[in-house]
There are 2 protein chains.
Amino acid sequence: MTVTQSLTDFVANTDDAELPAWSLHEAKRTLLNLLAVSLSGSQSEGANPLLHWVQGEAAAGNATVIGTGLRTSPGNAALVNGFLGHLQDYDDTHFPTVLHPTAPIWPAVLAAAETSATTGARTLAAFVLGAETACRVAMSVHPWHYDAGWHITGTAGVFGAAAGAGRVLGLDSEALTRALSTAGTLAGGVREVFGSQAKPLHAGHAAETGMRAAVWAQAGFTGADDIIGGRRGFWAVLSPNGHSEEALLGDLGGHWELRMNGLKPYANGVVSHPIQDAVIELRNRHSLEPEQVEAIEARVHPLVLELMNRAEPRRGLEGKFSFQHCAAAALVDGAGHDAQFSDAKVSDPLISSVRAKVSATVDADVAEDEVYLAITLSGGERVETHVEHATGSPDNPMSDEALKAKYVALAGEVFAPERVEQLFDAVWGLDEAPDVSEVTRLMAG
Amino acid sequence: MTVTQSLTDFVANTDDAELPAWSLHEAKRTLLNLLAVSLSGSQSEGANPLLHWVQGEAAAGNATVIGTGLRTSPGNAALVNGFLGHLQDYDDTHFPTVLHPTAPIWPAVLAAAETSATTGARTLAAFVLGAETACRVAMSVHPWHYDAGWHITGTAGVFGAAAGAGRVLGLDSEALTRALSTAGTLAGGVREVFGSQAKPLHAGHAAETGMRAAVWAQAGFTGADDIIGGRRGFWAVLSPNGHSEEALLGDLGGHWELRMNGLKPYANGVVSHPIQDAVIELRNRHSLEPEQVEAIEARVHPLVLELMNRAEPRRGLEGKFSFQHCAAAALVDGAGHDAQFSDAKVSDPLISSVRAKVSATVDADVAEDEVYLAITLSGGERVETHVEHATGSPDNPMSDEALKAKYVALAGEVFAPERVEQLFDAVWGLDEAPDVSEVTRLMAG
C-alpha cells in the first residue's frame, strides 16, 4: 500500500464506534463554533462578492448557505460556507501546525450530509475522520511547508474535506484514494494574500474541491495511487525540504491530532492571543484607562513577529494580523470580536495612539501559547503578568460555557434569541438526530 | 509598481490595435484547435463524470459547454471546457516551457465573452493577452518550477485565464491585480496525476478559477498587490529555486512568447512528437509492415525519458505518456489521433509486440523538437532518419490546411459536415463578428 492508501484505508474502514467519545463531542463544538463565526461573517461587507455570486449561480441542490435562505449545489455551498467560516479569523486552530481545520472540512461534510441520507452520528464521525486526515497531512509537512509560504489551512484542508465528504458518501478506500488525488493535486493557497479576502477563500476552495473530488470519485474519475507520497506528489512538490511518514501514519486511531485543536476566543491571528489575554487581564485587574498607558511591552514566541508584525494596519483585515492592533483594541475595548477589526476601529485615534506604544521582543524560550507582558503607566508604574497558556490553547481549552457565550453573541447578530437557542439544541443533539436537516434548516437565514 | 502591477498594466492598457496581426490569426487557430479537440473529447468516456456533474449543477447562465446543448454559469463552463480541451492531450504547446496555453485560457475568455457584450475582435485580443500572460509567467519560473513537479499548464494557466477573462470584462489594472491575486493563490496541479483524468482537470480548474477571479474582482474582492513577486507569492513559494523578472516583463508588447506556441499533430505528450514524425516517415517511405520490425531505436532529448518512459502502459491515458506506445502505434496505424490511445489499443497484441522493441537513449545535444531514429528490420537492414523540427513546433508550424484537416476529422466525430463547415466559417470570421454568439451556438451539441 502507498502512504495515501494507508491513510484512506483508515478513513474508509474505521467504524464509527471506534472513535473516542470526546472526539464526537469536539465535532459538535467545532460545528457550533463554525455556525457562530459564519453567521456573524455572513453579515460582513467582505462576504458580499461571494454571496452575490453564489446567488447568481443559482445552482441546483439542497445544500444550505449559512445565514442565508439559499439552497445550492454541495460544491457551491461548501465554497461559500468555508469562506464564511474563516472570514473573521475566528474559527479554530490546530496548535502544532497553525492549521484551521473546521472551515475547510465541516462545510464539505455538511454539504455531503445534506444531500444524502446520513445520520447525525455518522456525520459527526465523518468530520472527526476528515479533521484527523487534514491534521495528519499538516503534521507530515510541518514546519517545512508552512515556512515555505503555504497557507496550510488551504493545502492540508483539501485532503480533510475530501476524506470527510467521501466518508459521508460511503466511498471505499480505493475511491477515497482517487478523491484525495483530485483534491490534493488542486491544493492551493499562499500566505502572500494574508490580510485580504483571498485568505478565507483558501478554506472555501478546499471545502469545495474536497466535496467535488468525492462526488467525482464516486462517478469513476481517475487519479494517482499516491498523491501524498508519490515522486511528483504533495510531499515532493509542496514540501521539498522535508516530510514525515511517521507523522502521517503513526498510531492512526490511537493518537488523535484533533486533540490539539483549540477554539478561538479572539477574531484574529492565533499567535497574538496570549498578548490579548494578558492585556485584558491587566486592564481588568488594575482598571486601566488607555490614557494612562505609556508602553505595552511583550516577550513573545518568534511567530508573533513573523506573522503579525504590522505597526500600521490600513484596513480592518490587516488589523487581524497586527499584534499591535490586537493589543491596543484589547486595552481600549477589553475584547477581540470581529467588531474590534473594522476599518473604523483600525483608524480610530485612541486605538491608534495606543497601538504606537505596543512593542514585542522575541524570546525563543517563550512557547506559542505563552507571553510575558508589562504595561508602563504615565506615572512610571509598571504592571506585569505571565500567561502560561492562552485561552483556547490545548492546555487551556475554551469551556463549553464560554463557547456557548461566544456562539450566542455571534449568532445573536443574525437570529432572534429563540432561534439561537433552537439551533444550539439541534447541534448539541446531533448525535441522536436521524439526519442534519434540523441544523441546516435553522442555520439558514 | 510591483511586478504583478507591471504585468496587469500591460494587459489592461494595451490597445487591441497594438496587437500584431499574426497574433490575432493565431488566436483563431487556437480556438479552432480547441473546438476540434474538445468536440472529440466530449465523446470520450473519460468526460462522463464531469459532464454528468455539470448537468446536475444546472447553474444559471448563458455559457455553453462544448459539444453539448448545455448552458451554464461562466465558471462551470470554463471548468468543463478547459477539461475537455486538454482531455486528449491534443491541444497545443508553448515549446520553451511545455505550457499548454489554450485549454486553461480560451474557455475562460469565451465564457466571459458569452456573458458580456464583446465583439469577436476584442475577444481574440483578450485571448492573445491572456495567453501572453500565462506564457510570461511560465517563462519566469522555467525550468525550476516544472522540474520541481508542477504542471505548468495549471499553475501558469490560472494567471492567463484571469487576465483574459478580466480583459473581456473590462477590468482596469488595479482590479486585474486583485483578480490575478485570487487566481494565483489558487494555482495548482502536480505532475503526479499525469496519466489520469486529473491532468486535464488542471486546465479546467485554471479556466474556472481565472474566470471566477475576474468576476469577483469586479465585485470588489480584495487581494495582494504582488501575488507573483511578493515575499510569500508565486515565485517565492512555487518556484523557490529560481525565477526571472526579465522573462516576465522584458519587452512586453514587443517580444511575444505566443510565437513559440505550436498546435499538436498527435494526441499525446509533445516530447515524443519527433519520434512519431520519424516513424511515420520511415513507415511510409519504406512501406514497412510491423512484423518486419526488430528494433526501433531513438536518440532523444532528455525530457522524453523523464516524462514519457512507460514501457508497459496499462490504460489508454497512460499510453499518451509512453514514447514506446506512441512509436508503436505510429508504426502500426501511421497516426496518433486519440483513437490510437484507447484501452484497447494499449492492450492490442500487435502494438504491444512492437512496443517491446522500442528504446531510446538520451543525447543532451538533441533538441526537444528533434530526433535521430533508426529501425532495424528482421533481415538485418537498418533504415534511418533525422527529424530536425517536429511538426507543430515553432520552426515547423502546422499549416492552416493541416489544422483544418485535423479540425474536420475531429469535429466530424460529432457534427454533420455542413455544421462542421459552418463552425469553421464562424471561427475564421470571428474578427468581423459583432460577438461570439455564432461560434458558441454552433459549438453546442
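Biologist: How do you know that the copies meet through the same surface?

Modeller: Compare the interface residues of the two chains. 100% of those of chain B are also interface residues in chain A, so one surface serves both copies. Bear in mind that this is a predicted model.

Biologist: How many residues does each chain bring to the contact?

Modeller: Chain B gives 44 residues, and chain A gives 44 residues. On the side of chain B that touches chain A, the elements with two or more residues are α3 (48–57), α10 (173–185), α11 (198–218) and α12 (234–238) of chain B. That side divides into 22 nonpolar, 17 polar and five charged residues.

Biologist: What makes the relation between the chains that of a two-fold axis?

Modeller: Look at the superposition. Chain B falls on chain A after a rotation of 180°, with 0.0 Å of shift along the axis and an RMSD of 0.1 Å. That rotation is the relation of a two-fold axis. In chain B, the C-alpha nearest the axis belongs to B:Ala59, 2.0 Å from it.

Biologist: How do you know that the radius of gyration of chain A agrees with a compact globule?

Modeller: Set the value against the rule. For 445 residues, a compact globule would have a radius of gyration near 22 Å. Chain A has 21 Å, so the two agree. Its C-alpha atoms fill a box of roughly 70 × 50 × 40 Å along the principal axes.

Biologist: What is the make-up of chain A, in helices, strands and buried residues?

Modeller: Chain A has 22 helices and eight strands. Buried residues make up 61% of its 445 residues. Of its contacts with a separation of 6 or more, 78% join residues 24 or more positions apart.

Biologist: Why is α9(B) called largely enclosed by the rest of the structure?

Modeller: Count its residues. 12 of the 12 are buried, so the helix is largely enclosed. Among them are B:Phe159, B:Arg167 and B:Val168. The buried residues pack against α1 (3–13), α5 (102–114), α6 (120–141), α8 (152–155), α10 and α11 of chain B.

Biologist: How do you know that the span of α9(B) agrees with its number of residues?

Modeller: Use 1.5 Å a residue. The 12 residues, 157–168, should span 16 Å. The end C-alpha atoms are 17 Å apart, which agrees. Just after α9(B), B:Gly170 takes a positive phi of about 75°.

Biologist: What makes the peptide bond from A:His142 to A:Pro143 cis?

Modeller: Its omega is about 10°. A:Pro143 lies in the loop between α6 (120–141) and α7 (144–147) of chain A. In chain B, the bond from B:His142 to B:Pro143 is cis, with omega near 10°. B:Pro143 sits in the loop between α6 and α7 (144–147) of chain B.

Biologist: Why single out a cis bond or a positive phi?

Modeller: Because most peptide bonds are trans, and most residues other than glycine have a negative phi. A:Ala58 is not a glycine, yet has a positive phi of about 50°. Its place is the loop between α3 (48–57) and β1 (63–64) of chain A. A:Asp251, not a glycine either, has a positive phi of about 50°. That residue is in the loop between α13 (245–249) and β4 (261–263) of chain A.

Biologist: Why is A:Ala58 called partly exposed, and why is A:Asp251 called exposed?

Modeller: A:Ala58 has 17 other C-beta atoms within 10 Å. Exposed takes 12 or fewer and buried takes 20 or more, so a value in between is partly exposed. A:Asp251 has 8, and is therefore exposed.

Technical notes
Residues are numbered from 1 along each chain as its sequence is written. Chains are lettered from A and ligands numbered from 1 in the order in which they are written. This is a predicted model: local features need pLDDT of at least 70, side-chain atom pairs count only at pLDDT 80 or more; totals for chains, interfaces and linings use all residues. Helices (H or I, at least four residues) and strands (E, at least two) are DSSP runs, numbered from the N terminus. The radius of gyration is taken over C-alpha atoms; the globule rule is 2.2 Å times the number of residues to the power 0.38. Two residues are in contact if their C-beta atoms, placed from the backbone, lie within 7 Å. Ala, Val, Leu, Ile, Met, Phe, Trp, Tyr, Cys and Pro count as nonpolar, Asp, Glu, Lys and Arg as charged, and the others, Gly among them, as polar. Copies are superposed by least squares on the C-alpha atoms of residues with pLDDT of at least 70 in both. The expected span of a helix is 1.5 Å times one less than its number of residues.
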